[in-house]
Amino acid sequence: MTRSGQEYLDSLRDGRAVWLDGELVKDVTEHPAFRNTARSIANLYDMARDAELRDVLTVRPEGQDRAVLRAYHVPRTQAELIERRKAFKTWSEASYGFLGRSPDYMAAGIAGFVSTPEIFAGETFDGRDNLAAYYRRMTEGDLYQSFTITNPQIDRTRAASEQEEDDLYVRVVKERDDGIVVRGAKMIGTGAVFGDEIIVGTIEPLQRQDVEYALCFSVPLDTPGLKFISRTSYEGQARSVFDNPLSARFDENDALLVCDDVFVPWERVLTYRDVDTTFRMWWFTPAYNNFVHQAATRFWTKLEFLTGLAILVTRANNTYDLPPVQMQIGRLIGWLNIAKSMVLAAETTCERVGGEGGAVHINREIASAHRAMAGDLYPKVLAEIKMLAGGGLIQLPASGYDLKHPELGPLVAKYVRSPGTPAEQRIKLLKLAWDALGSEFAARHEQYERFYHGAPHVYLPGIVRDGNPDLLAAFTQSCLDGYQLDELPDGTGGFDGGR
Ligand SMILES: Cc1cc2nc3c(=O)[nH]c(=O)nc-3n(C[C@H](O)[C@H](O)[C@H](O)COP(=O)(O)OP(=O)(O)OC[C@H]3O[C@@H](n4cnc5c(N)ncnc54)[C@H](O)[C@@H]3O)c2cc1C
């Protein structure tokens, strides 16, 4: 069996250096800013051992006597791709789509790396053996891999090696017989503080002169010199699960990673001083497409949840049957079905990965299109539901304690209600809605859906590059070629002269 939730939680008590608001957090499993989310992740591990879900969430690779998390398995048929999506779907439903970087995200990416190990045979460093050992370590330990593969947003107009100082982005500062020493920072470590290991790399292209920055490695969270500087914790700010039901339990955290002269043994290095391989490991393996497979499935779940929220809120407001409201609900269900169809279509038109591995991955064009679609659509979904909900989202008591208060309780019960929806039920629903739509947690999710796959000025031109612009232009040109000026009948125009 895969590891239990308790085993996962125990593994987090390793002395990792997580900083929050000037405090060095001793134990993320007990600290009020992290503990509930750590338990939500632990629950995912317990689900994988549950007799009813085990076959969905895990798989026993051929010739092995132990099951592994399905996300780590390399799919070799369309059926296996679909099985993997069912696992993504099951885990995403446990957080209603709000844990973007559950352990299956990067696990699928790692399965992408090992589908094309030849990509790791760089000119300056051959990472293939390390990759194989890394894959074994992660799958056999059911480990949670988080990642920081973006350079800090310091000066986007300059190359890594041309920033104001040398150590702003992670780079190698010393080479030893047994490994390398790295220094610098990376952003944004979503879920990083909850991970077993962190992979540090660069997904955007580096310049030729940036070789010191062109490396990728994975190290345990308690590696000396690693520091995680957390953003505000929404879980820490939450009053209770009743008052902030999502942020109190599913705040996956985002942290700045600082490497303060971190020693990385050679066996943990995947690419080294190689601009091409450091880039190609993300884009020329199925890693990125595998991320999208997980993310698009989670997005589908999130839209199911939000559409359900819209239905419950409008029913509670007694507006559900009004024709304009039915139009808005119809629009939401339509959008949800677009998100769902893209996952199903990308699986149906899956592609065989080149090389010897025999793997398949989802359709590349659809994966790229999903990236553009989801970032644009998510803010629209939120806006639509806010319009449906009205002022009730704001006219809520500060906390559930007001309902229990001897003087306030009866007043709240009298005035915060609607037909068929007593106060407690209405307040519970609208507090959930606010957490999903308007809270700081919700705003972070909007930014997440827009940027977690990169910035639009990078990925939209990428869609043009990877697409078939010439084919599309030729199609339209064929229409233009079907008629000519010379074919105009003689005459001078006007209603009688032409056609
Ligand atoms: C909530 C959240 C979680 C994230 N989690 C992770 C994670 O776990 N791991 C990880 O590695 N990364 C993560 N990221 C980071 C993410 O990968 C980056 O935000 C993304 O790559 C975009 O980079 P950037 O934020 O530096 O934006 P920038 O590249 O600075 O772009 C921001 C804006 O500046 C303008 N701009 C900048 N440069 C140009 C240009 N050359 N041409 C035209 N316009 C330009 C555009 O308007 C653009 O939208 C996360 C991001 C968010 C928001």
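## Exercises on a ligand site and two annotated domains

Helix H15 makes the greatest contribution to the shell around the ligand, with four residues. The model is predicted, so local features require pLDDT of at least 70 and side-chain atom pairs pLDDT 80 or more, whereas totals for chains, interfaces and linings use all residues. Residues are numbered from 1 along each chain as its sequence is written, and side-chain values use heavy atoms, without hydrogens or water.

**Exercise 1.** Determine which elements give two or more residues to the shell around the ligand, and describe the shell by class.

*Solution.* Begin with the elements: strand S5 (145-148), strand S7 (179-190) and helix H15 (440-451) each give two or more residues. Helices (H or I, at least four residues) and strands (E, at least two) are DSSP runs, numbered from the N terminus. Next, consider the 18 residues around the ligand, of which Arg101, Ile149, Arg156, Ile188 and Thr190 come nearest; a residue is near a molecule if one of its heavy atoms lies within 4 Å of it. Finally, the classes are seven nonpolar, seven polar and four charged residues. Here Ala, Val, Leu, Ile, Met, Phe, Trp, Tyr, Cys and Pro count as nonpolar, Asp, Glu, Lys and Arg as charged, and the others, Gly among them, as polar.

**Exercise 2.** State how far polar side-chain atoms of Thr150 and Arg156 lie from an oxygen atom of the ligand.

*Solution.* For Thr150 the distance is 3.0 Å. For Arg156 it is 2.5 Å. Arg101 can be added, with a side-chain N or O atom 2.5 Å from an oxygen atom of the ligand.

**Exercise 3.** Describe the backbone at Ile188 and at Tyr96.

*Solution.* Start from the general rule: most residues other than glycine have a negative phi, and most peptide bonds are trans. The peptide bond from Met187 to Ile188 is cis, with omega near -25°, and Ile188 lies in strand S7. Tyr96, although not a glycine, has a positive phi of about 55°. Tyr96 is located in the loop between helix H4 (78-94) and helix H5 (103-115).

**Exercise 4.** Give the helix and strand content of residues 5-270 and of residues 281-463.

*Solution.* An unreviewed UniProt entry annotates residues 5-270 as "domain: HpaB/PvcC/4-BUDH N-terminal"; this stretch is 27% helix and 23% strand. The annotation "domain: HpaB/PvcC/4-BUDH C-terminal", also from an unreviewed UniProt entry, covers residues 281-463, where the chain is 72% helix and 2% strand. Such annotations may be inferred rather than shown by experiment. The end C-alpha atoms are 29 Å apart over residues 5-270 and 19 Å apart over residues 281-463.

Conventions. Polar contact = N/O pair within 3.5 Å; in protein donor to acceptor, adjacent residues only side chain to side chain.
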